[in-house]
Amino acid sequence: ASGARPQADALRIVSVANVVAEAALTGLRTGRAALPGVGSVRISRARTPDELRAGLVGGQVDVAVLPSTAAANLAAKGVDVRVLGVLDQALLAGIGRTGAGTAPWEALRGATVDVAFRGDVTDVLTRLLARAGGLRPDVDVRFRYHAQLPEAVAEFAVGEADFAVLPEPSASLALLRAAEAGRPGTRFLDPAAEWRAATGSTSLPLMAVAVRGDLAARRPEVIRALQDHLRAATANAAASAEAVAAELQLPPQVVSELLGRGGTGFRTGVQARADLDVLYQRLLAHAPETIGGRLPGDGFGV
Amino acid sequence: MSERRGRRLRLSGAAVVGAAVLAGCWPAVAWQQPEILVPSPAETAAALLLLVESGELAAQLWTTLSRAAVGVAIGIAAGALWGLASASRRWIDEAGRPLRGLLLGLPPVIPAVLGTVWLGDAGAVAVLVVVVVTVPTAKVTVAEAARAIDADLLEMARVYRLPPAARLRHLQLPALVPALRSAASLCGAGGLRVAIMAELLVAPDGVGAAVAQARGNLATAEVFAWALVAVAAALVTDWLVARPARRGAASRAAEPVGAR
Amino acid sequence: MSERRGRRLRLSGAAVVGAAVLAGCWPAVAWQQPEILVPSPAETAAALLLLVESGELAAQLWTTLSRAAVGVAIGIAAGALWGLASASRRWIDEAGRPLRGLLLGLPPVIPAVLGTVWLGDAGAVAVLVVVVVTVPTAKVTVAEAARAIDADLLEMARVYRLPPAARLRHLQLPALVPALRSAASLCGAGGLRVAIMAELLVAPDGVGAAVAQARGNLATAEVFAWALVAVAAALVTDWLVARPARRGAASRAAEPVGAR
Amino acid sequence: MPAREGSPKQQDAETVLSLERVSVERGGRAVLSEVTAEVRGGEVLAVFGPSGAGKTSLLRVVAGLLAPSGGSVRTPPGRLGYAFAEHRLLPWRTVLQNVLIPLGRREGRTARERALSLLDEFGVGGTADRRPAELSGGMRQRVALVRALVVRPALLLADEPLSAVDRQARRSAAAAARRHLGGAAALWVTHDPEEAAAVAERALLIGTGGRARLVPTSRLGSA
Amino acid sequence: MPAREGSPKQQDAETVLSLERVSVERGGRAVLSEVTAEVRGGEVLAVFGPSGAGKTSLLRVVAGLLAPSGGSVRTPPGRLGYAFAEHRLLPWRTVLQNVLIPLGRREGRTARERALSLLDEFGVGGTADRRPAELSGGMRQRVALVRALVVRPALLLADEPLSAVDRQARRSAAAAARRHLGGAAALWVTHDPEEAAAVAERALLIGTGGRARLVPTSRLGSA
Ligand SMILES: Nc1ncnc2c1ncn2[C@@H]1O[C@H](COP(=O)(O)OP(=O)(O)OP(=O)(O)O)[C@@H](O)[C@H]1O
Ligand SMILES: Nc1ncnc2c1ncn2[C@@H]1O[C@H](COP(=O)(O)OP(=O)(O)OP(=O)(O)O)[C@@H](O)[C@H]1O
Ligand SMILES: [Mg+2]
Ligand SMILES: [Mg+2]
């Protein structure tokens, strides 16, 4: 249903709110950076991957920054999307009111951990990692769910919850607000590190950059240019902290802390395919619906 | 007798035609769209079957229905009483105006946030949100209708000094039947929708939470299946509310009116 | 004259007292809670001031208000016509039943999703959701009231062969004033809330999007500020709807009724 | 037994309203049984009989508001004017509006003067801009009668149109109605023999059994 | 000028209803002007006068539904029975329920028989289980009158209670009402001199100017 597109050289990018993604796109948004072969770039933001799919299917969106599970899910549902890269970053954090010990899982034995949604990727991964860490979910460690992320953050910040596994920047926000409220907490668990240890893969690739398949096939030079831009921009993400904080209306200290911590980077779809497959295979075994019940086929990463 | 039956059959026929037209639109749209946007009836049916078989449907629906029922019952009772009081005393009406504006204007996020603080339990918060949405509907509908009650009959009740209970039973309630029916119809069927929305916002379980999860997983067919369930529940509620109403209407129109 | 004025003053007094009681509850709750859960009036006022100064308030409110207004206008017009048709022809009523169940039962996520597919524009989707929510309220309220229109007067209109337009203008519309007023009151103020909710679900701008953003940032004071704005808008709508109503009531009750 | 013509004058105008063996049931009970009557253009037929005999029912059948259980009714083409027993004025419209509403748009303009003068003639001249609720019962009745006349009906049905009016006003209103009837046929229900005699020469006398016979109105006073 | 007592019989019962220089305005227009009258227990005072003179307004003032613009009204303690001109029966209740609703719960039980026999006496005996809409106009009127009587009122206000009833039924109903009045004082509005004479000896004759005077009902026929 894509039809004739009026502006063949306009690239339309939609991104879910994410600190690193925003940092990578800032140059394009402000017009300071340009992509060779592309006339203009239009960037907008979506609140959920759900909002993106009509655009991807209908051809109103060319490139989407979204959770890598959503990319696989779209592919599994027959939407022609490819992953042109993943944004590496510490996207998940376990925060708590204990000091960061050497045995994070032991600290959680008998405790209750707040997670935002039952059954979403954070929940599934936390359960997987807990099992890998020697805890039986729902027996040795309990989980408590909320319908919305902000509630989980608020509960931690005001001391209603002692442990939480949250995506960034919510985890950072929770720590900031908790400190303001006089109940400081720390990051005591790094799910990405736990993931690497448990699976042997090089990263936990949770955030992907997807592109419509026909665009990837017809204009590889645009894909290359975009990949180059993203690589350069993520390598230097900390520089755009201020702009990102303004754009996402986040406290500046949270953004500069997140971007300044390092570990951010960009790999192409081809480079990250192995890591993606490890993630997808685990999810397929434990929560197939998160990736649409099927592994993406060959050529998914470009 | 048999003529009346024929009429009834023809009327249910109209309902079936209406349903068929709606149902026909769906595949027509689904035809041109990929499943991920608009799943076909078959795909939706498959998703529905899965929900039924896993027991998910019954469990979540029960949770949501009971929340909706409790919320709607409280909301209609409170709203109807408030509406009656408002119609009978201007100062009550005026004093209640800010509260009514609050209830009508408040984005449900706020009672959700406050409810979490006060009630703790997410289920109770969902009920609270349903109450908050139901009360003004019931109040406004009943108050406007109560204001329209035949002034002559009210005067008669005053002259004969009917005690408030008798006035309520013999005059106000019968006169308010249409308003109460529309309040019940709106709140009954709508209550479920509001409960789902409230769960979507605040609760970790119930149909709303299931919809949120299916949405997050881009499982459009499952979202549609839940929507079908919600619509079916609304139709059943509507039917239950409308049944006694129709009986009343039938007895009123007992006398045949011929063409000239 | 001056007596009537005194009465009016006393009545607005009641409204002020009602508002004061509500306003009093707030600091009482805020007192015991951290700002992040329940901000104090002062914190909320500060957030509100910021929104006003940045121009954010005016911009987003305008966006949302226009969406709500368009949706409510379309919804009330369509719903009222449907309600009148339903009340006059049983088969229309029956044929519309499935659609009504659909509209009443459908979780707004579905029209939001479908709307994105069909309309593309998120603003149009918000309007669509408002229409979907408004139509059944208007329809049910008007249909029940139309069914309650004095049968004697309808018969009179039939005997004198009033053309449909005259019947509508002189008989049905005046008789439906209370119902239309309650529909307008419910949909007018409620429409804003629904628009906000729809934006919260799908739109990148408007009050709903701003609330979602503030909520994501745990800027609870800002969320409360937006809620205050929404409630204020609802009160203004309510006041606008209620004003002509009150004037009508005043003229009807022009004759003094003494105590015995 | 069907009723028979009782009046000697029937030369000029032709019969425009005819009831033939009309029977009516209400709520499963027989009310009227084989009522037969004919009314010529310009003639008023009084309808007389005890309360609950079926006078209103007969008018409803003639107006097409009630299906007879037997027999046939022929009515003249043209407008119908019906002065209901309970007036049925629109409470939210003024007296003048109420009277003019049954008229079409164009007619309405030219009819305004006529309506005002009719109201005057019926003794409710000053009330044109008031609402029905601001009138007394007898005034409302006369307004309803004016509404029925102002449409220049081909057939006038008047159901106790002057029952709440004092004797003097009743006399003058009855005479005025008679004057303004033109070529219309009319059925005029009343409990007052004097009123019947003022508007009609013949009366359809309905008995409690639902049978009717035609009598001269001059003989009603002895009932 | 206030009206004066015109009747010779005033020995046994004492005055329970008194109007003193009562004036009434409606819609800014003066309707009644300084009406004075006294009614003893067990006595009916007919109220007579042209349509629009202010008869209904007077009853409303006595019932406390309308504030007089001047003067004072004294009414007997106890119940009020009001037969409104437009009957005001509850459309969704049966005739018997309508008649019993003004009575309290306990009274209601013992009053059932009385209500049924009163309905009978007023010629609407078979209608106890019907709704008001299933009655003829005259039948509804009589039910409304029964409702006003069944409460054993200390004061009965009847506003043209038999205007839609045929002459014969009117005579018998008026007599029945008279019998069941007991010690109550009554104001009885009518346009029918015969009816006035049947229920009352004195009449309050209201003129168009809003002034009233007391006359014997026997002299009303000549009006
Ligand atoms: N809607 C109805 N359903 C059932 N029965 C009815 C209905 N309307 C009237 N009746 C009955 O039909 C009979 C005739 O009623 P109708 O109103 O024609 O009498 P009427 O001659 O006009 O009396 P009145 O002089 O009191 O107005 C009465 O016995 C009444 O009870
Ligand atoms: N609600 C009202 N507002 C203003 N004027 C009114 C109102 N009700 C009655 N009037 C006027 O008051 C006068 C007296 O009315 P009332 O009803 O007392 O007359 P009545 O003697 O009962 O006449 P009828 O014999 O026709 O019933 C009339 O001129 C009428 O127009
Ligand atoms: Mg009748
Ligand atoms: Mg009167």
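In strand E11 of chain A, A:Arg267 is the bridge partner of A:Val86. The model is predicted, and this pair is a convenient place to enter it.

The strand that pairs with E11(A) here is E4(A), and the two run antiparallel, joined by four bridges. E11(A) covers residues 265–268, while E4(A) covers residues 81–88. E4(A) also pairs with strand E10 of chain A, residues 207–212, again in the antiparallel sense, this time over six bridges. Within that second pairing, A:Arg82 has A:Val211 of E10(A) as its bridge partner. As for exposure, E4(A) is mostly covered, with seven of its eight residues buried. In a regular strand, side chains point alternately to one face of the sheet and the other.

Chain D offers a sheet that can be followed from edge to edge. Its three strands stand in the order E2-E1-E4, forming an open sheet with antiparallel pairing. Which strands stand at the edges? They are E2(D), residues 29–40, and E4(D), residues 70–74. Each of these has a single partner strand, so one side of each is left without a neighbour in the sheet. On average, and with direction ignored, neighbouring strands of this sheet are turned by 15° against each other.

The pairing of E1(D) with E2(D) can be traced to individual residues. E1(D) spans residues 15–26 and is joined to E2(D) by eight bridges, the two strands running antiparallel. One residue pair in this ladder is D:Ser18 with its bridge partner D:Glu38 in E2(D). A helix is placed against these strands as well: H1 of chain D, residues 55–63, lies across E1, E2 and E4 of the chain. Relative to E1(D), helix H1(D) runs at about 120°.

Chain B is built without strands. It has 10 helices and zero strands, so that its elements, read from the N terminus, are α-α-α-α-α-α-α-α-α-α. Of the 260 residues in chain B, 52% count as buried. Among contacts in chain B with a separation of 6 or more, 72% are between residues 24 or more positions apart. The accessible surface of the chain is about 11,200 Å², and carbon and sulfur atoms contribute 67% of it.

One helix of chain B meets a helix of chain C. Two packed helices are described by the angle and the distance between their axes. For H8 of chain B, residues 164–202, and H4 of chain C, residues 90–105, the axes come within 7 Å and cross at roughly 50°. Because of that angle, H8(B) is oblique to H4(C). On the H8(B) side the contact is made by B:Ser185, B:Leu186, B:Ala189, B:Gly190 and B:Arg193. H4(C) contributes C:Arg100, C:Leu103, C:Leu104 and C:Gly105. Sorted by class, the residues of this contact are four nonpolar, three polar and two charged.

The last stop is a single residue in chain E. E:Ala174 sits in helix H5 of that chain, residues 167–180. Is E:Ala174 buried or exposed? Its relative accessibility is 0%, and therefore E:Ala174 counts as buried, the cut-off being under 20%. Leaving aside neighbours within four places in sequence, E:Ala174 is in contact with E:Leu162, E:Ala198 and E:Val199. With E:Val199 the separation in sequence is 25 residues, whereas the C-alpha atoms of E:Ala174 and E:Val199 are 6.0 Å apart in space.

Methods: Residues numbered from 1 in each chain as written. Chains lettered and ligands numbered in written order. Predicted model: local features only at pLDDT ≥ 70, side-chain atom pairs only at ≥ 80, totals over all residues. Heavy atoms only, no water. Axes fitted to C-alpha atoms, helices over the stretch in contact; angles between N-to-C directions. Parallel < 35°, antiparallel > 145°, perpendicular 65-115°, else oblique. Contact = heavy atoms within 4.5 Å. Nonpolar A, V, L, I, M, F, W, Y, C, P; charged D, E, K, R; others polar. Buried < 20%, exposed > 50% of the residue type's maximum accessible area, 1.4 Å probe, protein only. Areas by Shrake-Rupley, 256 points an atom, 1.4 Å probe, with all protein chains shown as cover. Pairing = 2+ DSSP bridges.
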